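Visitor: Before we go through this chain, I would like to hear the reasoning behind each label, and not the label alone.
Guide: Then let us look at it together and set each value beside its cut-off.

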Amino acid sequence: MTEMVMPRLSDTMEEGTILRWLKADGEHVARGEELVEIETDKANMTYESDQEGTLRIVAQEGDTLAVGQTIAHIGEGGDGEVPPPAPRPEQPEPAHAKPAKAEPEKAQPAPGERIKASPVARRVAKENDVDLQKLSGTGPGGRIVKADVEAAGEASPASGAEKAGTDSIAPPASVEGVTAAKGETSVQELSRTQRTIARRMAESKATIPDFTLNMDVDMEECVALRTQLKELAQPNAPTYNDMVVKASALALREFPRANGSYRDGSFELHSRVNVGVAVATEDALVVPTVFDADTKSLGEIARETRALAERVRDATITPPELGGGTFTVSNLGMFGVTSFTAIINPPQAAILSVGALGPRAIVLAGGPNGGSEIVARHTMSLTLACDHRILYGADAANFLARIRELLQAPASLTL
């Protein structure tokens with residue numbers, strides 16, 4: 001009998017949610033067969049079985065478990081060692097079912113033991129500050145269900161006379177007016193991906209002493225190069241963002257700290273240059289990785305980034321394609337944004353924000369009589385956000401200047 005645990009499907013994954021079992025409890029599973037859909041911090045993934053045998057489900061659909069916790073067993077049917085089938089998803093309780101009450105004297109689960117409760121029951125308990133450890137469930141196998149939590153909440157002191165007293169106090173009229181002015185309010189729960197993005201971005205701003213640098217890039221030569229490439233490779237010509245990825249990768253090879261991380265009082269310098277490319281989905285931001293971008297041709301980067309973006313939007317991206325990044329490029333230029341500052345994706349040292357490319361008036365030397373003249377040139381703004389613990393001002397400025405230099409003479413990007 002083999003224990004199947006919640007797999008780590010990304011380098012930042014701490015827990016996962018069972019979305020859907022693709023095999024039924026007690027059904028035979030072949031090695032390599034798609035088994036379960038899991039929601040991770042980055043995407044929804046389909047996990048394949050690495051064992052063959054009879055499936056015994058432990059974690060139900062909707063359950064959230066930490067990486068390494070048991071979600072099922074796979075083994076030979078009828079060998080006497082197969083655990084009993086897991087309880088099926090809860091059914092509506094009969095009207096005569098007696099809901100559980102809060103029982104402080106009840107024996108508590110052992111430390112570390114998972115409390116058997118439905119996802120809805122857990123959410124209701126959290127919203128109403130009900131301790132699940134003090135409840136006994138009326139669901140299948142003693143599972144705590146929504147009715148158990150609601151009954152416990154009604155019996156608690158906070159929901160009794162004391163709560164009734166506070167509820168009877170009307171808020172000030174001014175507060176009522178402000179609340180009414182907002183109209184009807186609905187609450188939208190965040191997906192696991194959105195919650196992870198929120199947590200990691202908050203951690204980044206709270207823990208990383210960052211600073212930003214901005215440079216304008218004359219993209220006239222890149223515009224000319226892309227015009228030529230479109231004639232040769234239409235419609236799969238490299239985009240301007242592909243050129244930025246390639247230029248960044250070459251510059252990262254020359255400035256190893258920009259390709260590193262600060263961790264626990266030391267610098268981690270990575271031997272591979274893996275550039276993450278931010279891709280916007282309907283309700284989140286996913287960053288697939290172009291591995292070894294410094295060694296790939298501009299055409300290879302173009303084909304790979306296009307394929308990765310399609311898999312992100314189709315929700316077919318795989319865990320290995322979302323991890324291992326050492327630097328990130330985020331582009332909002334296609335939305336007309338001229339410049340912005342992206343938030344560093346920890347533990348990376350920096351992130352490059354790319355603004356809109358367009359013709360702008362600039363002062364160019366070499367005008368009439370040896371002076372200067374105002375001309376229209378295609379320019380683009382680059383903003384580099386840096387972790388000051390590993391990248392200092394001068395190094396970061398030289399790194400960003402090298403990216404600009406490569407983009408203003410883009411022939412080197414095609415080598």
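**Pairing and burial in a predicted model**

Guide: Strand E1 (residues 2-5) and E8 run antiparallel and are joined by four bridges. Please keep in mind throughout that this is a predicted model.

Visitor: What makes E1 and E8 a pair of strands?
Guide: Two strands pair if at least two bridges are found between them, and E1 and E8 have four, so the definition is met. One of the positions to look at is glutamate 3, whose bridge partner in E8 is histidine 73.

Visitor: How do you know that E6 pairs with E8?
Guide: The reasoning is the one used before: strand E6 (residues 53-57) is linked to E8 by four bridges in the antiparallel sense, where at least two are required. Within this pairing, isoleucine 57 has alanine 72 of E8 as its bridge partner, and leucine 55 stands opposite isoleucine 74 in E8.

Visitor: Why are E1 and E3 said to stand at the edges?
Guide: The sheet is an open one of four strands, in the order E1-E8-E6-E3, with antiparallel pairing. E1 and strand E3 (28-29) each have a single partner strand, so one side of each is left without a neighbour in the sheet.

Visitor: What makes strand E8 mostly covered?
Guide: In E8, which spans residues 70-75, five of the six residues are buried, and buried here means under 20% relative accessible area. For the chain as a whole, 39% of its 415 residues count as buried.

Visitor: Why is threonine 305 called buried?
Guide: Its relative accessibility is 13%, and the cut-off is under 20%, so threonine 305 counts as buried. This residue is placed in helix H8 (residues 298-313), and, leaving aside its neighbours within four places in sequence, it is in contact with Asp242, Val277 and Val290.

Visitor: How do you know that threonine 305 and aspartate 242 make a polar contact?
Guide: Their side chains are joined at 2.9 Å, and a polar contact requires a suitable pair of N or O atoms within 3.5 Å, so the distance satisfies the limit. A polar atom of the threonine 305 side chain also lies 3.1 Å from the backbone oxygen of alanine 302.

Visitor: Why does valine 124 count as buried?
Guide: Valine 124, in helix H1 (residues 119-128), has a relative accessibility of 8%, which is under 20%, and therefore counts as buried. Not counting residues up to four places away in sequence, valine 124 touches Lys146, Val149 and Glu150. The C-alpha atoms of valine 124 and valine 149 are separated by 6.9 Å, although the two residues are 25 apart along the chain.

Visitor: What makes Phe267, Leu269 and Tyr392 a nonpolar surface patch?
Guide: Patch residues must have over 30% relative accessible area and no salt bridge, and nonpolar side chains are joined within 5 Å; Phe267, Leu269 and Tyr392 make such a patch, of about 290 Å². Leucine 269 is found in strand E11 (residues 266-269). As for the chain's exposed surface, about 22,000 Å², carbon and sulfur atoms supply 52% of it.

Definitions and conventions:
Residues are numbered from 1 along each chain as its sequence is written. This is a predicted model: local features need pLDDT of at least 70, side-chain atom pairs count only at pLDDT 80 or more; totals for chains, interfaces and linings use all residues. Side-chain values use heavy atoms; hydrogens and water are left out. Buried means under 20% relative accessible area, exposed over 50%, partly exposed in between (1.4 Å probe, protein chains only). Accessible areas come from the Shrake-Rupley method with a 1.4 Å probe; for residues, only the protein chains shown count as cover. Patches are made of residues with over 30% relative accessible area and no salt bridge: like charges are joined within 9 Å, nonpolar side chains (Val, Leu, Ile, Met, Phe, Trp, Tyr) within 5 Å. A salt bridge is a side-chain nitrogen of Lys or Arg within 4 Å of a carboxyl oxygen of Asp or Glu. Helices (H or I, at least four residues) and strands (E, at least two) are DSSP runs, numbered from the N terminus. A polar contact is a pair of N or O atoms within 3.5 Å; within protein, one must be able to donate a hydrogen and the other to accept it, and residues adjacent in sequence count only if both atoms are side-chain atoms. Contact means heavy atoms within 4.5 Å.
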